[in-house]
Amino acid sequence: MDQLPLEGMPRRLYSCTPSRLNTWLDCPRRYRFTYLDRPAPQRGPRWAHNSVGISVHNALAGWWREPYDRRTPATAGILLSNGWIGDGFKDAEQSAAWRDRAREMVVGYAATLDPSEEPVGVERTVATRTSVLALSGRVDRLDQRGEELVVVDYKTGRRPMTADDARSSLALAVYAVASSSMLRRPCHRVELHHLPTGSVVEWEHTDESLGRHLSRAEEIGIEASEADERYQAWAGTGKSSRGPGSRTAGSRGSGSRAARTPAEGPRGPGSHPADAERVPPAVPPEIDALFPPRTGPLCSWCDFRAHCPDGRAAAPDKAPWDGLAV
């Protein structure tokens, strides 16, 4: 029998990543599909633009792990080619063209780096706690500049970044707070490095602005955790179905990365027959109402589109390669 919480006992902290919080904000139904439903609904096809992003991130992380004398632009290109992920492309020709394009990105970017300036962390997990949340996430790169730490996030999407993107990013603010908390050094600057254009945008937070982001994270976490508890009480699990660091190649946004690998799931002919059985469990209306869909253009890119009639009605289908820049 589940033990009821004692009156006056502190509420258990909600364990989450920025990605989990942003998923709740984007669409509570997708949040339920991603983090709560078991068996997890089958995801849709793998996205080519995610394959590009993961391949680039892997190559840059690997570059910093090379011995100093091998940290050259050419090595970055080799790492990209050797670790290329070809999922989601229209055909082998398109995959090869984007592999070459991505190799140019990392070679050009590596040429701007000083291999002797060792980062404090590469793909480093950082964590912090508030009175409400146990937050964690993985930082692409953490630099030491003078007395301060700097959070560096790589971007490979088609849209160039702006300072407002850096300022408003909940994930970057959480990474700054968590990095400072773990390493006992101040961290206020966050940077977005957009590899396709070679541009870098930055934002210098204050303690007050970081505090506002944490307060917002707590507000989101309270909403999500209350819905979680109602779902878990119905499901009879009594605990979260999936850990706070879960992330796959199909996820959007800046958040924790459990692994830089493609999402599990079928993509057309050759899929395992059992995959067809992975559909969301039937939930009663009062539980379903806790996780309403938030429909809009992003529904075209949802990994769980096949299971959401509202999303399919709200936005057109996209081919797995439609997210690539022209």
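Colleague: In which helix does serine 51 lie?
Modeller: The model is predicted: local features need a pLDDT (the predictor's confidence in each residue, from 0 to 100) of at least 70, side-chain atom pairs count only at pLDDT 80 or more, and totals for chains, interfaces and linings use all residues. Residues are numbered from 1 along each chain as its sequence is written, and side-chain values use heavy atoms, with hydrogens and water left out. Helices (H or I, at least four residues) and strands (E, at least two) are DSSP runs, numbered from the N terminus. Serine 51 lies in helix H3.

Colleague: Is serine 51 buried or exposed?
Modeller: Buried means under 20% relative accessible area, exposed over 50%, and partly exposed in between, with a 1.4 Å probe and protein chains only. Serine 51 has a relative accessibility of 4%, so the residue counts as buried.

Colleague: Which residues is serine 51 in contact with, leaving aside its neighbours within four places in sequence?
Modeller: Contact means heavy atoms within 4.5 Å. With the sequence neighbours set aside, the partners of serine 51 are Ile85, Asp87 and Phe89.

Colleague: How many of the 18 residues of H3 are buried?
Modeller: From first C-alpha to last, H3 reaches 26 Å, close to the 26 Å expected at 1.5 Å a residue (1.5 Å times one less than the number of residues). H3 is largely enclosed by the rest of the structure, because the number of its residues that are buried is 15 of the 18.

Colleague: How far apart are the end C-alpha atoms of helix H5?
Modeller: H5 covers residues 92–110, and its 19 residues should span 27 Å at 1.5 Å a residue. The model agrees with this, since the end C-alpha atoms are separated by 27 Å.

Colleague: What arc do the buried residues of H5 cover around the axis?
Modeller: The buried residues of H5 are Gln94, Ser95, Trp98, Ala102, Met105, Val106, Tyr109 and Ala110. They lie on the same side of H5, because the arc they cover (taken from the directions from the helix axis to the C-beta atoms) is only 130°.

Colleague: Which exposed residues are on the face of H5 turned away from its buried side?
Modeller: The buried residues of H5 pack against helix H3 (48–65), helix H4 (73–82), strand E3 (133–145), strand E4 (148–155) and strand E5 (187–194). The face turned away from that buried side carries the exposed residues Glu93 and Glu104.

Colleague: At the start of H5, which residue has its backbone nitrogen within 3.2 Å of a side-chain oxygen of aspartate 91?
Modeller: Aspartate 91 supplies the side-chain oxygen at the start of H5. Within 3.2 Å of that oxygen is the backbone nitrogen of glutamate 93.

Colleague: Which element gives the largest share of the largest nonpolar core?
Modeller: A nonpolar core is a set of buried Ala, Val, Leu, Ile, Met, Phe, Trp, Tyr and Cys residues joined through side-chain atoms within 4.5 Å. The largest one has 40 residues, and those with the most contacts inside it are Leu21, Tyr31, Val151 and Phe291. Elements giving two or more residues to this core include strand E1 (14–16), helix H1 (18–26) and helix H8 (207–235). The largest share, 10 residues, comes from H7.

Colleague: How many residues are in the second, separate core?
Modeller: Val52, Trp64, Ala102 and Leu113 are included in this second core. Its number of residues is 23.

Colleague: What is the C-alpha separation of threonine 128 and serine 179?
Modeller: Threonine 128 is found in strand E2, and its 10% relative accessibility makes it buried. Not counting residues up to four places away in sequence, threonine 128 touches Leu133, Ala134, Leu135, Val177, Ala178 and Ser181. Serine 179 is 51 residues from threonine 128 along the chain, and the distance between their C-alpha atoms is 8.2 Å.

Colleague: Is arginine 184 buried or exposed?
Modeller: Arginine 184 has a positive phi of about 55° although it is not a glycine, and its place is in the loop between helix H7 (170–183) and E5. Glutamate 123 in strand E2 (residues 121–129) also has a positive phi, near 50°, and is buried at 13% relative accessibility. For arginine 184 the relative accessible area is 68%, which means that the residue is exposed.

Colleague: Which residue does a cis peptide bond join to arginine 38?
Modeller: Omega of this bond is about 5°. The partner of arginine 38, in the loop between helix H2 (28–36) and H3, is proline 39.

Colleague: Over which residues does pLDDT stay under 50?
Modeller: The protein averages a pLDDT of 88, and 84% of the residues score at least 70. The stretch where pLDDT stays under 50 has 101 contacts beyond four places in sequence in the model, and it covers residues 238–276.

Terms used:
Polar contact = N/O pair within 3.5 Å; in protein donor to acceptor, adjacent residues only side chain to side chain.
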